[in-house]
Amino acid sequence: MEPQLDPMKDDLPLMANTSHMLVKHYVLDLDVDFKSQVIEGFIVLFLETGSRYRRASSTGEEGCQSQFDETCKIRASEQGHVPVSNASACSSKMEYNDFAVCGKGEKDTSDKNGNHSNEEQASGISSSKNCCDIENHGNEDFLLVLDCCDLSVLKVEEVDVAAVSGIEKFTRSAKLTDVSKELANLRNQIVHELVTLPSDRWKEQLYYYTCCSQAPGCGELLFATGTWSLEIRKSGIRTPADFPHAIRIQYKTKPEGRSVTWTTDQSGRPCVYTMGSPINNRALFPCQEPPIALSTWQASVRTAASFVVLMSGENSAEPVQLQEGIMSWYYYVTMPMPASTFTIAVGCWQEVKQSFTPAVQTNNEFSLPCSQADFRWHEESCGHVEYPCRFQSPAARLQRVIPYRVFAPWCLMKCCEEHLLQLIPQCLSAAYTTLGTHPFSRLDVLIVPSNFSSLGMASPHIIFLSQSVLPGGRHLCGTRLCHEIAHAWFGLAIGARDWTEEWISEGFATFLEDVFWARAQQQLSHDEEKAQQELKALLRWRRLRDEVQNSEEELQVLRPNKESTGEVSESGASIVKHGLKAEKIFMQVHYLKGYFLLRSLARRIGGASYLASLRKFVNKFHGQLVLSQ
């Protein structure tokens with residue numbers, strides 16, 4: 001039974017059926033057009049069967065390699081299209097629209113871009129007749145449901161990954177017996193082998209992801225868009241295991257889309273960026289929003305040569321000129337993360353540099369040195385899914401300050417150099433001293449436009465800071481920077497399995513910002529550090545008291561789902577309680593209640609002992625999702 005939305009509660013629906021299929025990797029190929037305020041292009045999804053519907057056995061998979069040459073011959077004769085025994089698999093325009101309106105007798109409300117709406121879907125959760133329940137309705141086609149909003153979806157097609165040169169290396173372990181399904185099974189087996197490559201072959205994996213994403217299509221898929229979702233099916237396919245595991249979606253954003261904001265920077269130049277919308281990234285690309293859908297990604301973004309593209313990628317991208325006036329930027333990540341952490345900012349940003357390198361003092365007086373137990377633990381395997389983990393890298397474990405850059409509009413460069421640039425290595429070093437290994441390999445800091453609604457936002461490898469922290473001088477700038485750096489461990493490397501438990505991210509970041517900042521200041525005496533933290537605790541208590549007295553009681557609860565926290569429907573769909581509540585954006589109750597809970601624990605067992613326990617917690621749970629328990 002799918003959850004029903006209460007329109008009076010402003011709950012955010014997470015529609016993706018992640019229990020049926022999981023996206024393991026996204027390849028984005030996008031153009032950013034500032035004249036039309038549209039981002040358009042393609043996204044290729046590489047999928048695996050979800051936990052509920054994985055095949056019970058691997059029987060019937062012999063002989064794939066021996067049949068590979070024959071398969072290639074069939075493909076060549078069909079010019080890239082799979083032979084179909086059922087004519088409906090390559091649907092006519094009429095059949096396409098019939099599916100898109102999801103039911104006989106309903107009005108076709110397709111717009112000029114081929115998007116389709118359905119009155120039954122307006123509430124956000126599709127009706128049961130449109131959501132395929134494989135266990136009870138095995139005669140219906142399987143639906144892949146993605147989170148999607150404010151997008152014009154133009155085309156969805158299966159990708160012929162078997163057409164890629166050299167891809168036969170991924171078919172040696174595959175076995176096939178059903179000749180009528182050999183092409184489809186071959187493609188799905190290739191994707192399976194590709195997404196499960198060992199982490200030490202990540203460069204090869206990214207290369208073949210790129211090649212596969214550029215492979216020809218082999219048949220359009222039927223799709224329908226609702227208020228909150230994109231539903232995709234292939235005629236005659238009943239189960240997730242048989243559904244295409246590599247699909248390509250052509251789409252474009254809308255100027256009014258709520259995942260990105262088009263604006264001008266403080267120098268009056270156009271820019272666009274993801275500003276931390278309550279609906280996350282579903283209006284930027286079709287995706288699986290539930291936190292459990294951890295995936296990697298790579299993206300090529302093209303725009304005019306005067307713009308700089310920053311993203312939450314592991315690499316510091318260097319632009320490549322494609323043609324006169326057009327540059328391409330390429331980023332990637334190898335650590336599986338929720339799609340909500342994907343971040344992009346395109347503008348006329350200037351890199352802020354200084355003529356000298358500041359010395360980073362390492363004061364052992366307040367350091368928590370790596371113990372032998374820390375290094376013994378790292379000799380064991382991590383608890384997360386396999387990826388190139390920095391916690392397993394001896395060099396990364398000794399890296400006190402990761403490479404960093406600062407970007408800002410031209411008019412704020414001098415202010416950033418004076419107030420921000422020299423603070424970053426001090427704050428990074430203080431964070432390392434407290435928690436150990438930096439989860440991410442580098443850091444960009446961007447001063448975002450003045451319409452940014454908060455003081456800061458952390459994403460993998462990039463932090464957005466408000467211009468408001470700059471006039472506050474060293475203290476305001478430093479404390480905010482420490483808060484966002486803390487999210488690298490709590491909120492990103494360790495995430496909440498249920499988004500309603502945001503205190504796990506914000507409470508820890510608020511608590512740790514004081515610890516980081518005290519250590520970043522270096523010359524602070526113990527008494528001065530204690531007085532500073534007591535004053536901040538008093539101010540936070542007053543803020544919390546005011547919020548508790550002047551806000552709805554149900555918005556003050558740290559675990560609003562109570563015993564149901566972390567639970568999802570049979571398909572994996574769920575809701576984020578109060579996720580669209582307008583006033584919730586301005587509340588800090590989850591920050592402050594979480595902070596006081598952690599402060600109480602630290603005072604009970606002693607500050608040093610508590611920080612040591614947090615370090616062990618990070619070592620054990622990085623790369624994983626947790627609940628309050």
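This is a short talk that walks through one predicted protein model, from the overall picture down to single residues.

Okay, hi everyone. Before anything else, please keep in mind that this is a predicted model. Let me start with the big picture. The protein has 629 residues, and 55% of them are buried. Its secondary structure adds up to 13 helices and 26 strands. If you take the contacts with a separation of 6 or more, 78% are between residues 24 or more positions apart. And the accessible surface is about 27,000 Å², with 51% of that belonging to carbon and sulfur atoms.

Now let's go to a sheet. There's an open one with five strands, in the order 19-20-21-23-22, and the pairing is mixed. Which strands stand at the edges? Those are strand 19, residues 350-352, and strand 22, residues 456-459; each has a single partner strand, so one side of each is left without a neighbour in the sheet. Going from one strand to the next, the twist averages 25°.

Inside that sheet, look at strand 20, residues 404-408, and strand 21, residues 443-447. They run parallel and are joined by four bridges. If you want a spot to zoom in on, R405 has D444 in strand 21 as its bridge partner. Then come the helices that pack on the sheet. Helix 8, residues 423-435, touches strand 20 and strand 21, and its direction makes about 135° with that of strand 20. Helix 9, residues 473-486, also packs on the sheet, touching strand 21, strand 22 and strand 23, and its direction is at about 145° to that of strand 23.

While we're around strand 20, have a look at C411. You'll find C411 in the loop between strand 20 and helix 7, which covers 413-419. With a relative accessible area of 39%, C411 is partly exposed. What does C411 touch, leaving out residues up to four places away in sequence? The answer is Q266 and S267. S267 is 144 residues away from C411 along the chain, yet their C-alpha atoms are separated by 5.8 Å.

Next, another pair of strands. Strand 15, residues 308-311, pairs with strand 18, residues 344-347, in the antiparallel sense, over four bridges. In that pairing V309 stands opposite V346. Here's a bit of background: in a regular strand, side chains alternate between the two faces of the sheet. In strand 15, V308 and L310 are on one side, V309 and M311 are on the other, and all of these are buried, so both faces are covered.

On to charges. Searching the whole structure turns up 26 salt bridges, and I've picked three to show you.

The first pick is K234 with E158, where the closest N and O atoms are 3.0 Å apart. K234 sits in the loop between strand 10 and strand 11, while E158 is in strand 6, and the two are 76 residues apart. Are they buried or exposed? Both K234 and E158 are buried. They also belong to a network of salt bridges that links E158, D160, R187 and K234.

The next one is R559 with E501, and here the closest N and O atoms are 3.0 Å apart. R559 is in the loop between helix 11 and strand 25, E501 is in the loop between strand 24 and helix 10, and their positions lie 58 residues apart in the chain. The two ends differ in cover: R559 is partly exposed at 27% relative accessible area, whereas E501 is buried at 0%.

The last pick joins two helices. K536 in helix 11 and D514 in helix 10 are 22 residues apart, and the closest N and O atoms of this salt bridge are 3.2 Å apart. K536 is buried at 15% relative accessible area, and D514 is buried as well, at 6%.

Let's stay with helix 11 to finish. That helix spans residues 526-549 and contains W541. W541 is part of a nonpolar surface patch of about 400 Å², together with L535, L538 and L539. Why does W541 count as partly exposed? Because its relative accessibility is 44%, and partly exposed covers the range between under 20%, which is buried, and over 50%, which is exposed.

That's my tour, thanks for listening.

Note on methods. Residues numbered from 1 in each chain as written. Predicted model: local features only at pLDDT ≥ 70, side-chain atom pairs only at ≥ 80, totals over all residues. Heavy atoms only, no water. Pairing = 2+ DSSP bridges. Axes fitted to C-alpha atoms, helices over the stretch in contact; angles between N-to-C directions. Contact = heavy atoms within 4.5 Å. Buried < 20%, exposed > 50% of the residue type's maximum accessible area, 1.4 Å probe, protein only. Areas by Shrake-Rupley, 256 points an atom, 1.4 Å probe, with all protein chains shown as cover. Patch = residues over 30% accessible without salt bridge, like charges linked within 9 Å, V, L, I, M, F, W, Y side chains within 5 Å. Salt bridge = Lys/Arg side-chain N within 4 Å of Asp/Glu carboxyl O.
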